[in-house]
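Work through the exercises below with the sequence and the structure open beside you. Try each task before you read its solution.

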Amino acid sequence: MLSLGVILSADLVVIGLGYVGLPLAQAATLSGLKVVGLDVSSKIVDGLNSGRSHVDDISDTEVSELLTAGFTATTDASVIDDANTVVICVPTPLGPEGGPDLKYVLGAAATIGEHLKAQTLVILESTTYPGTTDEEVRPILESASGLTAGLDFNLAFSPERIDPGNPIYGMKNTPKVVGGHTGACTTRAAEFYRTFVDTVVEARGTREAEMAKLLENTYRQVNIGLVNEMAQFCHRLGIDLWDVIEMAKSKPFGFQAFYPGPGVGGHCIPIDPMYLSQNVRARLGAPSQFIETAQAVNNSMPAYVARRTQNLLNTVGKAMNGSTVLVIGVTYKPDISDQRESPAAPLAQELASLGATVTYFDPYVENWQVDGVDTHRATDLATALTDSDVAILVQNHKILDLELISRDAPLVLDTRGKLSGPQVERL
Ligand SMILES: NC(=O)c1ccc[n+]([C@@H]2O[C@H](COP(=O)([O-])OP(=O)(O)OC[C@H]3O[C@@H](n4cnc5c(N)ncnc54)[C@H](O)[C@@H]3O)[C@@H](O)[C@H]2O)c1
């Protein structure tokens, strides 16, 4: 636990030390800033202060290096009192009704407001709908502190673009978009990020910066929805969509390849476009047709994959009921352990509801818990393949032996277009 006597001032306080906040704290610390991480979870804070990382992209060794470089974590919000800059990196999940749940952002804003001093720069990085910084965060900060944004303190929004597991693009070489409450707020926030990010791009204001993030993620959500729908009708038409995409990709301009899959996961693609569509509906009473259609198609994929698996079993005279289905890779993206919103979970529920026994193989996931499904972990891929009636490649981690799967699976549905062989059927 942090001793307050030690912290006289911080260049930066990062609020929320998760997948986004910890890499930010790392980049800022290594650039020479004095950084304190503030989190409500004492487990996370104690772990970090003891040199333990809970985030895939950051190793224990790197946490130890951060501690040596002066980083500390705390649950004590009084560190904000003397901070030069405060960045909010707390979660923005969906609420029970499927709309934005801003409780963590509002909670963090209230905490900052109680400790805010004149001249501080406050930046929101959590993904959210346009207007949040100005209409939700600013009033809380101003009423709790008695200070005025743009006059007494600076306020900005800067969307996080972190891509966990990406070996090429990290904090330093991914351009950072910044939009301030005033022009001076933008300039100050841009200067702050330039200390550890190569390129900073200035938006007209907070709403444009908020919307830019939603455009990026909606673009991906809609294009994934498009190829997922194409996968369904190409299969019925006897057209190999994977080959089609390779052909289209040969055009050097005007086309970007997206690939079908078992559904979308993570905390961006399934969630961020819903923030936008709910907000547009609430404000304008109008639907966001592309977003809602893509969401419906993407959400239908786990059930579609289960149906295709059932049909595959039928080709060898087996029923899904009573069969053992091996799900290979259960995380939402390759090469990481993060299972949030992974389509593997609704897929397992579909398979179980059809009477299958669900086993899984994923070297990154020791304990896979899916509501209502008794999942069995396989630790040896070769044995698991032999023991199953059918396998489904859901996530293609680099460490998976794809040749072994192609060769030894009795039957396999490949949702990633990575396998080939007589027993393999691609989505
Ligand atoms: N993870 C990603 O790949 C990614 C990428 C881009 C954007 N984002 C966005 O970044 C934001 C943060 O996501 P994340 O994945 O880092 O979340 P996370 O769940 O990994 O971490 C959030 C942390 O915030 C802490 N927290 C919650 N409320 C708090 C409070 N009031 N004060 C202090 N700490 C608090 C939690 O204990 C947790 O440790 C979200 O808006 C998300 O949509 C995430």
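**Exercise 1.** Find the order in which the strands of the open sheet are arranged, and say which strands stand at its edges.

*Solution.* Begin with the strands themselves, which are DSSP runs of E with at least two residues, while helices are runs of H or I with at least four residues, both numbered from the N terminus. Two strands pair if DSSP finds at least two bridges between them. Following the pairs, you find 8 strands in the order S3-S2-S1-S4-S5-S6-S7-S8, with mixed pairing. Strand S3 (72-74) and strand S8 (200-202) each have a single partner strand, so one side of each is left without a neighbour in the sheet. From one strand to the next, the twist averages 25 degrees. The model is a predicted one, in which local features need pLDDT of at least 70 and side-chain atom pairs count only at pLDDT 80 or more, whereas totals for chains, interfaces and linings use all residues. Residues are numbered from 1 along each chain as its sequence is written, and side-chain values use heavy atoms, with hydrogens and water left out.

**Exercise 2.** Describe how S1 and S2 pair, and which helices lie on the sheet around S1.

*Solution.* Strands of a sheet pair through backbone hydrogen bonds, either parallel or antiparallel. Strand S1 (residues 10-15) runs parallel to strand S2 (residues 35-38), and 4 bridges join them. Val-14 has Gly-37 in S2 as its bridge partner. Next, turn to the helices: helix H1 (residues 21-30) lies across S1, S2 and strand S4 (83-88), at about 165 degrees to S1. Here axes are lines fitted to C-alpha atoms, for helices over the stretch in contact, and angles between N-to-C directions run from 0 to 180 degrees. Helix H4 (residues 103-115) also packs on the sheet and touches S1, S4 and strand S5 (121-124), where contact means heavy atoms within 4.5 Å.

**Exercise 3.** Which salt bridge involves Lys-117, and what parts does the pair tie together?

*Solution.* A salt bridge requires a side-chain nitrogen of Lys or Arg within 4 Å of a carboxyl oxygen of Asp or Glu, and the count by this rule is 20. Lys-117 forms one with Asp-81, the closest N and O atoms being 3.5 Å apart. Because Lys-117 lies in the loop between H4 and S5 and Asp-81 in the loop between S3 and S4, the pair ties together parts that are 36 residues apart in sequence.
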